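Please open the model in your viewer and keep the sequence panel beside it, since this tour moves from one selection to the next.

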Amino acid sequence: MRQFKSIPAEIRDNLAPTLAQRINQLRTLRNMTVKDVAKACRFTTQRVEDLESGLELWLSATDRQLLANALAIEPQVLLEVEAKSTTNLVKESAAYNQQKARAIKEDILEGEKNIECPNCGGILKCSIQDGLDIEGRPIIFAKAFCLKCPWVLKEI
Ligand SMILES: [Zn+2]
């Protein structure tokens, strides 16, 4: 495990309230430029700028880890101010996602409208499509994608 440089107490108690501000604050604290951070986590500088201007409100687990490493902080420091901050580690697990996807699929097949995106809470665009299974038998598929974020219902 990588050792994190501890954040000075006066900053730890006064961390900025949004992801954008907090990334900027921690980058400044570490005396890094946008370019330094981008290089350290292999993001484009544009991506780091987008994050600092609030165009991206949350990170994937992988990106969060990369950015946290670059800023020498615990990923939790970023996670707690991401837009989906009501989520917890359980909600990021594969089992949870699969369970959620299964429930959404059932809702769609039951004709439910206005299903919420599990990622951002936006409304999902849902449809039912006819298809064939591997053995050529007709089956119906539930399709859904989010209108606001990249979430897509994966086949399960
Ligand atoms: Zn969404």
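**A first stop at Leu 67**

Select Leu 67 in this predicted model, and you will find that, once its neighbours within four places in sequence are set aside, Leu 67 is in contact with Cys 41, Leu 59 and Leu 78. Now add Val 37, Ala 68 and Leu 71 to the selection: together with Leu 67 and Leu 78, these have the most contacts inside the largest nonpolar core, which has 15 residues. Helix 2, helix 3, helix 4, helix 5 and helix 6 each give two or more residues to this core, and the largest share, four residues, comes from helix 5. Apart from this core lies another, of eight residues, where you can select Ile 104, Leu 124, Cys 126 and Cys 146 among them.

Next, select helix 2, residues 19-29, and colour Leu 19, Arg 22, Ile 23, Leu 26 and Arg 27, which are buried. If you look down the axis of helix 2, these buried residues fall within an arc of 130°, and so they line one face of the helix. An α-helix has 3.6 residues a turn, so residues three or four places apart point the same way. The buried residues of helix 2 pack against helix 3 (34-41), helix 4 (45-52), helix 5 (61-71) and helix 6 (75-79). Just after helix 2, pause at Asn 31, which takes a positive phi of about 60°.

Finally, show the whole chain, in which there are seven helices and two strands, following the pattern α-α-α-α-α-α-α-β-β along the sequence. Of its 156 residues, 19% count as buried.

Technical notes. Residues are numbered from 1 along each chain as its sequence is written. This is a predicted model: local features need pLDDT of at least 70, side-chain atom pairs count only at pLDDT 80 or more; totals for chains, interfaces and linings use all residues. A residue is buried if 20 or more other C-beta atoms lie within 10 Å of its own, exposed if 12 or fewer, and partly exposed in between; C-beta atoms are placed from the backbone. The arc is that of the directions from the helix axis to the C-beta atoms. Two residues are in contact if their C-beta atoms, placed from the backbone, lie within 7 Å. A nonpolar core is a set of buried Ala, Val, Leu, Ile, Met, Phe, Trp, Tyr and Cys residues joined through C-beta atoms within 7 Å.
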